[in-house]
Every structure is written in C-alpha cells, then in structure tokens.
Amino acid sequence: MLRITDILDKTQSYLTAEELEMIKKAYIYSATVHQGQVRLSGEPYLTHPMEVAGILADMKMDAATIISGLLHDTVEDTLSTAEQVESEFGKDVAFLVNGLTKLSLISFGSQEERQAENFRKMILAMSSDIRILLVRLADRIHNMRTLQYQPPDKRIYIARETIDVYAPLANRLGINWMRTELEDLSFQYLSPEAYNELSMRVVKSNESRNRYTEEVKKIIYTELEKFNIKGEVEGRAKHLYGIYKKMHEQHINFDEVYDLIAFRIILDTDKEKGCYETLSVVHSLWKPVPGRFKDYIAMPKANNYQSLHTTVIGPYGERLEIQIRTRAMHEWAEKGIAAHWRYKEGRAYKDGEENQIKKLREVLEIQQEIKNPKEFMSDLKLALFPEEVYVFTPHGDVKSFPKGATPIDFAYSIHTDVGNQCIGAKVNRNIVPLKYKLQNGDRVEIITQAGHHPSKDWLKNVVTTRAISKIRNWINAEEKKSSITLGRDLLEKEFKRHNLKFSNYVKSDEIKKVFAEHSVTTLDDLISQVGFGRISPRQIVNHYLAKESVSVPEQIKEQVKKKATVSPPLGISLPGIDNVMVKFARCCNPIPGDKISGYISRGRGITVHTQICPHIKKLDADRIVDVEWNLSQKNAYPVHIKAVCDDSKGVLTEVSSVISSFDINISYAEVETTDMIASCNFIIDVNDLHQLNQILSAIRQLKFVKSVERMRQ
C-alpha cells in the first residue's frame, strides 16, 4: 500500500510547506471517514484514494488536485458532506470533489441513463475546471488496475466504457502513458484470449528484440556523434493493444508486424531545426520507406502532439519506426496537458495548452443539449473522435474511418474485391443504402455479388483515400479499354481519309513530339484521349499533314482538301472531327432545331441526344462532346407522334390526311381504342423541328382531337 510519506516525497520538490501540510490533513480526513470500509479485494478502502493521489503526484499536479484525489469518494461513499469538505479544505477543493461525486442517490430507469447522467455531470463540471477530468482519469487507472476483483459482467462493462470514453479522453489531453495503459487494461478483459496469446508471443520475442534494439541504438548514437548531435535514443516495445489493432486493421499476423519497437531520438535542443537535421542523418544512414514519413511538427495532431515519424529499412532488412522530437515535445507527448500544468494563482497557460483545453471543452459542452441518454453516450464517443468513426465488423473487430464514411469505405477496407463486388450493406442487421453515413458503434456487414463492378457515382459517397483510389483505378482501367478501342478506330479512319496509314506513323520518332504536344507519355494514352473526345483525330493527322505537305503532289493535296470538307452523314457537324460514324439516340430521336449533344459510344461512334434527354444526363460527362446541325443538308428524321381523339369512324384516315398534306412520309400508323378514346400513333419523317410544330398545330385544329404531342421513349 502507498504511504502518505511516499506522496509527500513526490511533491515536496514543487509544493510549499503549507500545501504539504494540507495534503497530510486530507489524508487523515480520508482515513477517518473511510474507516471500516473495504474494497472487493479485501484491502482497506483507503488504498484506493491513496493510489489515485499517488498517480496525480507522479503527474506533478497542484495541491488542490492531489487533495481532491484523496477525498474524491468521501461525499459519495461516506457520511461526509460537501459543506464539511469546503469548511476544512476551501472552495477550490470542494468544487473539484463535487464535480467528481457521482449521482448515486438518484434513481434511474436504466444503467445507460445512470452512465449518461454521470458523464454529463462530470463534463459540465470539467468545463469550468479541467482538473476534474484529470482526477477522474487517475481514478479510472487504479480501478482498471484492480478490475479482476469485479464480477465478470461488470468487468466487461467497465472495460468497454474505458476504451470507448476514458482512453480517448486521455488521448485528447495528450497523456500518452495513460491512454496506452487504459487501452491495454481494457484489451485484457474485452479480448482475454487475444491478449494472453499476444502477451506470450511478445515475451518470447523479447530476448532477440532486446539484442536488436541495443544494436540499433548503438548505430544511431555513433552516427549522431559524427554530426555533434546531442540527445537520447530510446527503443520501446509498442503496447499490446496497439499491436493488436495494427494486426486487425492491416489483416496481418504477429510475425508480419515489423515495427514492434518504436525508436525515439529525444534531442537536447529546443529548436525544431534540430529535428529535421537529425531526420536527414537517419535517412542517410538507412533507406526511408516511401509514404511512411509524417511531419507532426509542421502539422501537430489534434491533441497538440509534435514529432517527426519515419520508417526506414534498418539492419538485416528490418523495418524500423523512428520518432524524432525535442525534450519539450517528448514531455508533451507522454504527459500532455499535465506536463505543463499551471496553478490558478495568476499564472497563465501557454497558448498551445489553453487552445487544447478550450477545444476539448467546446467539443464536450455541445453534448449537454442531448437529452436521450443513448444518444448522449453515442455522441460523446463521436465527439472524442471528431475526425473518426469507429464501427464493428460482424466478428466484433473495431475499424476506424473518417467522419462521413459509408459502407463502400468499409467494404474496401476489408479487401479490394469486396469493395468492387459490393451491392449492398446491413448496418445493425438492417439493410441500408450504400450512401449511408456510418455512425460510431455501428455493426456493418457487406453484401457482395460476383461479377458486380463499381459505379462512378460511388465516388460521391466515399471519403477514404483507399476507396477513392480503388474505385478510380477500376473505372479508369475499364474506360481506358473502351476509349482505346474507339480512339484507334477514329484515328485509323481519319488517317485513311487522308491517304495515310496510321500504323506507319505511330512507329516514327515524330510520334514523341505528338506525345509532348498533348502531354501524354504512351501511345495508349494518346489513343484513349481521342476515344474520350479530349483530342480530335484531326489534330493528330494535322501534325503529320504539315510534315507531308512538301512532298505530296498537288493533285493529292487537292483530294485531301476536298475530302476534308465533306460533311459527315445525317446532317451532323462535329467540330474538329471528320468522317465519324454518327447515329441518333432512340430514347429522344433528335431532329434539327433540337439542342443536341454527342456521346462517344464504346466502339459505336457518336450517338446524338437532345440536351434535355434524361438518359444523357446519366452518362459519363467526360465522353460527351459538342455537335451541331449541318443545315446545308436536307435529311428526313423519324419522329413518333401521338394524337388522342374521340373514338369515331375515319379518325386514323383524317389525321393521316393532315400529315400527308405537308408532303410528309408516314412510315408507321396504328390506332388503339379504349373507353370511347382513340390513340393514334404515327412515326413520320420530318425535316426539322419547325416542320414538326406546323404538323402538330394542324392536327390540333381537328374537332375530334383532344391532344397531340411528340413522343419520346
């Protein structure tokens, strides 16, 4: 059991004699009011407040906080009152103790309600004084260290609450040692088999790892001395939960976890420049792994953590994670807010510390408005991870995602094939749309179908870089195949039209100049750009025509010129592209006068749609090109019209006569009758929109006609 002299020894270096006397007084008071009480372990209850005070003393907290640690359960679990605490120890201590006192005497409808209200009370109090949270974290650390004495069901409940709320709170305050211990202790009870197996494997590898650690440290020290860089090198095994989390997130086994040891270079200098100089020394010593460098000095984490992280290929081909920081950065990394605690007597926080406390307060105070206890706890957990969402796999594994992630992000985190073949998802056993935003605590199950492929629309509903990259890769690969086929066809036809052979010219050195002109590096890239409609075939041909013009006979040039001015069929003009296969979309049957756009079909040339056609709005915008009507040509265009009339003899004949009076061909006519109504359907060939409107107007003049309109599929 920790003794009061141990606590005083830890604090005498930074507290006054009067403050030390007040801590002694608090110890005597706590021992008196808790006399006769025992913990589940059988130890005197006083051991608990003593251990909590000892943890706070190790964190070098002020006297009021340590006294509150000694007294934090007095009002809740003894006959002591808040008034007595204030009378004996002052308003500051009384406020802290009151903020730490749980709502034990109030009756709640459920355990969840009790949990929510206790957290609500603590957060409300800590909004005024962050020390309340620090005492509560110290309290939770000791309770977790003695959790084995609780009943099994309560162990799970407390461990889950700890890993969901208390460990994240410690992380947000930057107290790394506390976060890692809370996570490991929770892991021990939430997944005992995995914890025990991992513990045994880490212990078994310790001897060889220790030898390797010492060897690496010696190499680093030697190299730093060459450049007169002063500092300390540490090599520490990563905590168990961190290893377990990495194994599950990356789907690897223990033997594949290459960075069980994190090396730290803690520099004696306070200058950030020294960290970057040390980084260059490390990178000159060992080859860095691409994509594994993180600069948390230039961009600190949300909890104000600063350090340089790099992964290198070290001795024997082992990957090493190395962190480089100053001593001040290291102190913050380990102790966070507690590293630079300031008393309230007129001393100010540093800017970083004040901002950190302010951000946490703002995040947590928002939760006070939520009345539903279930929603409160859910939102509290979410608030502790403002940029992350934690969800569960069907097997109970935890996965983290950026806020706004969807089941598609989840699917790609499992495997690329699972993402590509995803057709649906179940969240908490209910079918949800793929655009559903994942929430903290959701249990997600992906539904797949072999042969299914990603949709370009998915890119609107994913936030993880992995999902975005995989979807884009698949779409680009598929579209490139199609665009290469179409582009090659368009180019071969354009070259042939100018009496040139495409295959001969692409083998010449001149093609490299074409690549440079259009910012591509390969022939396939160039051809696919033509297929996408981003480069016209004529642009490529023109490059070679300029070279050939000197030696080509005049009569051949004249032929080329004549062919170049020949308009494509069907009265459509495509700027910059000649002699391209054109067809009209059956869904909208465009005619001159309609505003139109062309769509580069896969292997089928250009399909022309009206701009108001609903189908073209769903097509790939990158494949849509500008097209124009060539009014110098007269062509007939099929149009479907429907006249709704009173059912009487000769209806079809009379409507047909009106159409024929315009010298228009009727290629199809049919009448359907229902309930004294006759629907006359015609497919007629018109020259343009103006002529069609004239015909429709004439048909409307017939007395028995109720309506007439142009039909689109």
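When I speak of a contact in this talk, I mean that heavy atoms of two residues lie within 4.5 Å. With that in place, let me start from one residue of this predicted model, namely Val 52, which, once its neighbours within four places in sequence are left aside, is in contact with Gly 69, His 72, Val 135, Ala 138, Asp 139 and His 142. Val 52 belongs to helix α3, which covers residues 47–58, and because its relative accessibility is 0%, where the cut-off for buried is under 20%, Val 52 counts as buried. It is also worth looking at Val 52 together with Arg 140, since 88 residues separate the two in sequence while their C-alpha atoms are 8.7 Å apart in space.

Let me put that residue into the setting of the whole protein, which has 713 residues, 47% of them buried, and which contains 28 helices and 21 strands. If we take the contacts with a separation of 6 or more, 66% of them are between residues 24 or more positions apart.

Arg 140 brings us to helix α9, residues 131–145, whose axis comes within 10 Å of the axis of helix α11, residues 176–190, the two crossing at roughly 35°. The crossing in which α9 passes α11 is left-handed. On the α9 side the contact is made by Leu 137, Ala 138, Arg 140, Ile 141, Met 144 and Arg 145, and on the α11 side by Trp 177, Met 178, Glu 181, Leu 182, Leu 185, Ser 186 and Tyr 189. Sorted by character, the residues of this contact comprise nine nonpolar, one polar and three charged.

Which residues touch the most other members of the largest nonpolar core? In this core of 54 residues they are Ile 7, Ile 23, Ile 66, Leu 71, Leu 137 and Leu 182, and the largest share of the core, eight residues, is contributed by α9. Ile 7, taken without its neighbours within four places in sequence, is in contact with Leu 2, Ile 23, Met 50, Ala 53, Gly 54, Ala 57 and Ile 66. Another core, of 53 residues, lies apart from this one, and its members include Tyr 505, Ile 572, Phe 584 and Cys 645.

I turn now to the sheets, beginning with an open one of four strands, in the order β19-β20-β18-β21 and with antiparallel pairing. The edges are taken by β19, residues 665–674, and β21, residues 705–711, and since each of these has a single partner strand, one side of each is left without a neighbour in the sheet. On average, and with direction ignored, neighbouring strands of this sheet are turned by 15° against each other.

Within this sheet, nine bridges pair β19 in the antiparallel sense with β20, residues 677–686; along that pairing, Ile 666 stands opposite Ile 684, and Thr 673 stands opposite Ala 678. The hairpin of β19 and β20 has two residues between the strands, and there Asp 675 takes a positive phi near 50°.

Two helices accompany these strands. Helix α27, residues 651–660, lies across β18, β19 and β20 and runs at about 25° to β20, while helix α28, residues 689–700, packs on the sheet by touching β18, β20 and β21, with its direction at about 165° to that of β21.

The loop between α27 and β19 holds Asp 663, which, although not a glycine, has a positive phi of about 60°. Is Asp 663 buried or exposed? It is exposed, because its relative accessible area is 73% and the cut-off for exposed is over 50%. A further case is Asn 589, also not a glycine, with a positive phi near 40°; Asn 589 is placed in the loop between β13 and β14 and is partly exposed, at a relative accessible area of 22%. As background to such cases, most residues other than glycine have a negative phi.

Finally, there is an open sheet of three strands, ordered β10-β9-β11 and paired antiparallel. Here β10, residues 430–432, and β11, residues 444–448, stand at the edges with a single partner strand each, so one side of each is without a neighbour in the sheet. The twist from one strand to the next averages 35°. Strand β9, residues 422–427, is joined to β11 by five bridges, the two running antiparallel, and Gly 424 stands opposite Ile 447. Helix α19, residues 407–414, lies across β9, β10 and β11, at about 80° to β11.

Note on methods. Residues numbered from 1 in each chain as written. Predicted model: local features only at pLDDT ≥ 70, side-chain atom pairs only at ≥ 80, totals over all residues. Heavy atoms only, no water. Pairing = 2+ DSSP bridges. Axes fitted to C-alpha atoms, helices over the stretch in contact; angles between N-to-C directions. Left-handed = near helix turned anticlockwise from the far one by under 90°. Nonpolar A, V, L, I, M, F, W, Y, C, P; charged D, E, K, R; others polar. Buried < 20%, exposed > 50% of the residue type's maximum accessible area, 1.4 Å probe, protein only. Core = buried A, V, L, I, M, F, W, Y, C linked by side-chain atoms within 4.5 Å.
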